[in-house]
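Trainee: Got a minute to go through a structure with me? I'd like to start with one helix and work outwards.

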Amino acid sequence: RDSKTIRIQIDAGHAGEVTAETVVIPITRRGETPQRLPPGLAAIDRRMGGRLADAIAAGDFQAGREDRLVVYGPKGGELTRAVLLGLGEAEKIGEAEIRNFAGRVGRETGRSGFGRVALIVPPGPGLTPERSVALLTEGAMLGAYRFDRYKGSDKPSGRKAAPRLRIVYTRKAKGLAELRSRSRDAAKVAESQLMARDLSNEPPNVIDPESLAREARRMARAVGLRCRVMTPAELERRGMGAILAVGQGSQRPPRMIVLEHGATARRKQRGTLALIGKGITFDSGGLSLKTAAGMLEMKHDMHGAATVFGAMRAIALLDLPIHVVGVLAAAENMPSHTAYRPSDIIETGSGQTVEIVNTDAEGRLVLADALDYATKTYTPDAMIDVATLTGAAMLAFGPWATAGLGNDDDLLAEIQAAGDVTGETVWPMPLLEAHEKAMRSQVADWKNSGGRDAGISTAGAFLRGFVGETPWVHLDIAGSGMSGQATPLHIGGGTGVGVRMLTEWVRSRCE
């Protein structure tokens with residue numbers, strides 16, 4: 001799967017030697033307005049006929065974090081245009097500001113007609129090469145992303161080369177080879193997040209359980225992961241009645257996809273980690289049918305699986321020295337004469353039974369079989385599941401945070417710390433005995449819905465029943481996994497949330 005993105009080149013040198021049709025320049029301010037052009041850019045200004053300094057001196061450009069000003073060079077000059085992008089107050093430039101700024105640079109790079117683009121990075125607070133190179137790479141790639149492969153009017157007659165962005169540090173950067181290595185690693189992770197976005201954004205007539213399995217096999221071959229796919233016959237032999245029940249209403253039967261990295265004795269000595277993803281490739285609600293409006297974005301209900309797909313790819317490309325297993329529980333939830341029904345009682349792979357109260361509470365069912373399988377097969381030292389699980393998470397957090405809960409406070413703190421590093425907020429939610437009690441059935445071991453009250457936590461309590469003593473955290477990305485809101489790093493649709501966070505968490509476990 002070839003995600004449309006940009007290619008990054010890292011350089012250091014004199015700004016006056018940069019060749020490009022478009023240069024992008026970050027502008028900070030002290031007080032209300034920028035006072036002058038950043039140091040080291042006089043040569044660029046001369047090539048622009050002094051127009052950059054004039055534009056800043058005029059005072060119209062405030063250098064706020066959303067401010068943009070295009071300045072055109074002299075006719076026939078070497079530089080067609082310079083784009084000034086505001087970074088806000090110099091003293092308040094943190095990692096989030098750099099990453100978001102880079103997302104805006106990525107947008108500029110992808111603009112039609114802008115030609116070769118160079119980002120000129122002058123010396124200044126927050127933009128030291130060592131601190132900023134990975135953030136600029138990551139942000140630019142995320143910001144440049146588009147999903148338009150089905151727009152016939154935009155299809156080129158031939159294969160169009162990916163846009164390129166040259167990032168040039170104007171002061172001498174020590175260890176340019178090391179900077180380029182950091183940029184390459186950041187690009188591997190960002191590209192993996194873009195692949196997760198692609199999978200989430202694909203229409204449900206393209207991505208179904210079987211085609212998701214094909215994508216997983218293809219990706220695994222490309223990066224060196226092991227991949228095995230359980231067909232319905234094997235799921236039946238293993239007694240995985242939960243995932244089979246969810247998928248039995250569809251003509252596209254379910255799959256359990258297992259990706260494995262570092263399956264060697266030496267790497268297993270560092271421990272085994274498991275990542276579990278909900279992969280409902282389309283969720284109609286089943287016989288508990290959703291409304292038409294509620295069904296519209298349900299191609300994104302496999303985003304948890306897409307996140308695990310992307311994280312496993314990044315982990316493999318970085319060759320992290322630890323054993324990691326990714327399990328993607330893929331099914332399509334459809335209404336038909338073969339669909340599972342409210343009041344059915346099903347038996348899961350764990351042997352526990354579940355009363356079906358609502359067929360639209362299907363994600364926790366496929367996860368139950370996946371969590372039990374991973375626990376018993378691999379005995380992981382820690383396990384994380386990722387799922388677009390509840391409307392309650394959407395209402396509580398919108399697209400701005402992911403709900404987190406589990407049976408191990410230290411593990412949840414590790415995930416929160418990884419989220420802080422990558423700019424993906426995880427907010428803890430309670431998991432009380434009362435929540436488990438609400439999920440107990442009078443006619444089976446469990447019921448699959450506890451009603452509207454405390455929806456995030458009751459769903460988590462259900463999942464806790466299938467992990468045994470394994471340290472475990474559940475991440476509900478129902479709001480953060482898909483959003484119609486545009487940000488510097490995202491234009492709408494699947495966000496790819498969790499790929500960078502889980503990769504960072506696994507990397508921290510290797511230290």
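Trainee: Which residues of H3 are buried?

Mentor: In H3, the buried ones are Ile 98, Arg 99, Phe 101, Ala 102, Gly 103, Arg 104, Val 105, Gly 106, Glu 108 and Thr 109. Buried is under 20% relative accessible area, exposed is over 50%, and partly exposed is in between, with a 1.4 Å probe and protein chains only. Helices are DSSP runs of H or I with at least four residues, strands are E runs of at least two, and both are numbered from the N terminus.

Trainee: Any caveats before I go on?

Mentor: This is a predicted model, where local features need pLDDT of at least 70 and side-chain atom pairs count only at pLDDT 80 or more, while totals for chains, interfaces and linings use all residues. Numbering runs from 1 along each chain as its sequence is written, and side-chain values use heavy atoms, leaving out hydrogens and water.

Trainee: Back to H3, then: what span should it have, and how far apart are its end C-alpha atoms?

Mentor: H3 has 15 residues (95–109), so at 1.5 Å a residue it should span 21 Å, and the end C-alpha atoms are 21 Å apart, which agrees. The expected span is 1.5 Å times one less than the number of residues.

Trainee: And H16, how many of its residues are buried?

Mentor: 10 of the 10, running over residues 455–464, so H16 is largely enclosed by the rest of the structure. Among those buried residues are Gly 455, Phe 462 and Arg 464.

Trainee: What does Phe 462 pair with?

Mentor: Phe 466, in a tilted aromatic pair at 5.1 Å centre to centre with 45 degrees between the planes. Phe 462 and Phe 466 are both buried. For the rule, ring centres of Phe, Tyr and Trp (its six-membered ring) lie within 6.5 Å; planes under 30 degrees apart are stacked, over 60 edge-to-face, and the rest tilted. The count by this rule is 5 aromatic pairs, and ring pairs also link Trp 446 into a cluster with Phe 462 and Phe 466.

Trainee: Where does Trp 446 sit, and what's opposite?

Mentor: Trp 446 is in S16, with Val 354 standing opposite. S12 (residues 353–355) pairs with S16 in the parallel sense over 2 bridges; pairing takes at least two DSSP bridges.

Trainee: How many strands are in that sheet?

Mentor: 3, in the order S11-S12-S16, forming an open sheet with mixed pairing. S11 (345–347) and S16 (446–447) are at the edges with a single partner strand each, so one side of each has no neighbour in the sheet.

Trainee: Switching to pockets: what's the volume of the second largest one?

Mentor: About 850 Å³. A pocket is an open set of points on a 1 Å grid over the protein atoms alone, where a 1.4 Å probe fits with protein on both sides within 12 Å along at least five of seven lines; lining residues have an atom within 4 Å of a point. Of its 33 lining residues, Asp 360, Leu 389, Thr 390, Gly 391 and Ala 392 are the closest to the centre.

Trainee: Which element gives the most to that lining?

Mentor: H13, with 4 residues. H16 is one of the elements that supply at least two.

Trainee: Last one: is Pro 209 buried or exposed?

Mentor: Pro 209 is buried, at 0% relative accessible area. Pro 209 belongs to H6 (residues 209–223), and its C-alpha is 9.5 Å from that of Phe 282, although the two are 73 residues apart in sequence.

Definitions and conventions:
Grid points are joined across faces, edges and corners, and a volume is the space filled by probe spheres set on the points.
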